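Let's go through some structural labels together and ask what earns each of them. Here is the model to keep in view.

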Amino acid sequence: SMKKILLIISLIPILSFSQQKDVLKYFISKDSLVGVKNKEGEIIVPAQFKIFSNIENGELVEGETIYFDGFKKDEEREKNAWGYVYDKKGNFLYRPFLYDSGADYFEEGVRRFVKNGKVGFADRNGKTVIEPNHDFASPFNYGYTAFCDGCDWEKTEDEHKAIVGGTWGAMNFKGEIIQPISKSENAVEINGKYYPYPLKYNEKEKSILQFFEKQNKQLSDIYYVNHYNKLSENE
């Protein structure tokens, strides 16, 4: 029923709030380096980062991990890496892949990171999902990433980088190399080759989907109320 939908929506803030156990705050040292303290004022990560985003002294750390958008004082730059990710206890996790002049975005729940010149994937909790074994990997799309070995980065004339050479393949979320298939209705195309359609709903997901399909009319009514609040009651 309508009440049921509204109840589910109203519970979402409570659920997300109850997960915010560790209250951590960024702090800025006298020489403008950034670190993180807990609510008792104990240092979790020492101030050692030159940050490129605007961080206020005492700003709350958002999300499941700590992210420093910049580099360490006096560090040697690592190729294709940007920023640092730590867990909430202050343990270093990984360096995100450099994309779009910042840390790689999350696609399908994972983002790329760089270690010793190789690309791997980590989830939002900072857990390594795929070990860094390949020279390059694309963001995940439909459950696959295209990867290459022996490929090289070259700067093109318009300052962007292009990848040249190498041997290409496709991996799933388990890091397993998937063999291409012949073209079929549901196949996913990657670099001109076709791969099995990987996504399936489990029973629980199917029941959720059916629930929302039954409520489709009411959901679209709610949507239109949000968009057209100047209509009369009859309209």
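Q: What makes strand 11 and strand 12 count as a pair?
A: Strand 12 covers residues 128–134, and 3 bridges join it to strand 11 in the antiparallel sense. Pairing asks for at least two bridges, so these strands qualify. One place to look is F121, which stands opposite I130 in strand 12. Keep in mind that this is a predicted model.

Q: How many residues lie between strand 11 and strand 12 in their hairpin?
A: There are 4 residues between them, and G126 in the turn has a positive phi of about 90°. On its other side of the sequence, strand 10 also runs antiparallel to strand 11, through 6 bridges. K115 stands opposite K118 there. The hairpin of strand 10 and strand 11 has 2 residues between the strands, with N116 at a positive phi near 50°.

Q: Why is strand 11 called largely enclosed?
A: Because 5 of its 6 residues are buried, strand 11 is largely enclosed by the rest of the structure.

Q: What makes the contact of D135 and K118 a salt bridge?
A: Their side chains come to 2.8 Å, N to O, and the cut-off is 4 Å, so the label fits. D135 sits in the loop between strand 12 and strand 13, K118 in strand 11, and the two are 17 residues apart.

Q: Which of the two, D135 or K118, is buried and which partly exposed?
A: D135 has 19% relative accessibility and counts as buried, since the limit is under 20%. K118, at 28%, counts as partly exposed.

Q: How do you know that R95 and E78 form a salt bridge?
A: The N to O distance is 3.8 Å, which is within 4 Å. R95 is in strand 7, whereas E78 is in the loop between strand 5 and strand 6. R95 is buried at 7% relative accessibility, while E78 is partly exposed at 27%. Together with E75, these residues are linked in a network of salt bridges.

Q: What about E203: why is it called exposed?
A: Its relative accessibility is 58%, and exposed means over 50%, so the name holds. E203 forms a salt bridge with K206, the closest N and O atoms being 3.3 Å apart. Both are in helix 2, 3 residues apart, or about one helical turn.

Q: Why is F49 called buried?
A: F49 has 0% relative accessibility, and buried means under 20%, so F49 qualifies. F49 belongs to strand 3. Beyond its sequence neighbours within four places, F49 is in contact with residues including L33, F68, F71 and Y84.

Q: Which residues touch the most other members of the largest nonpolar core?
A: They are F97, F121, I130, F136, A137 and F140, in a core of 15 residues. Strand 10, strand 11, strand 13 and strand 14 each give two or more residues to this core. Apart from it lies another core of 13 residues, among them L24, I66, F68 and Y84.

Q: What makes strand 13 and strand 18 edge strands?
A: Each has a single partner strand, so one side of each is left without a neighbour in the sheet. The order of this open sheet is 13-14-17-18, with antiparallel pairing. Strand 17 and strand 18 pair over 2 bridges, and A170 stands opposite I178.

Note on methods
Residues are numbered from 1 along each chain as its sequence is written. This is a predicted model: local features need pLDDT of at least 70, side-chain atom pairs count only at pLDDT 80 or more; totals for chains, interfaces and linings use all residues. Side-chain values use heavy atoms; hydrogens and water are left out. A nonpolar core is a set of buried Ala, Val, Leu, Ile, Met, Phe, Trp, Tyr and Cys residues joined through side-chain atoms within 4.5 Å. Buried means under 20% relative accessible area, exposed over 50%, partly exposed in between (1.4 Å probe, protein chains only). Contact means heavy atoms within 4.5 Å.
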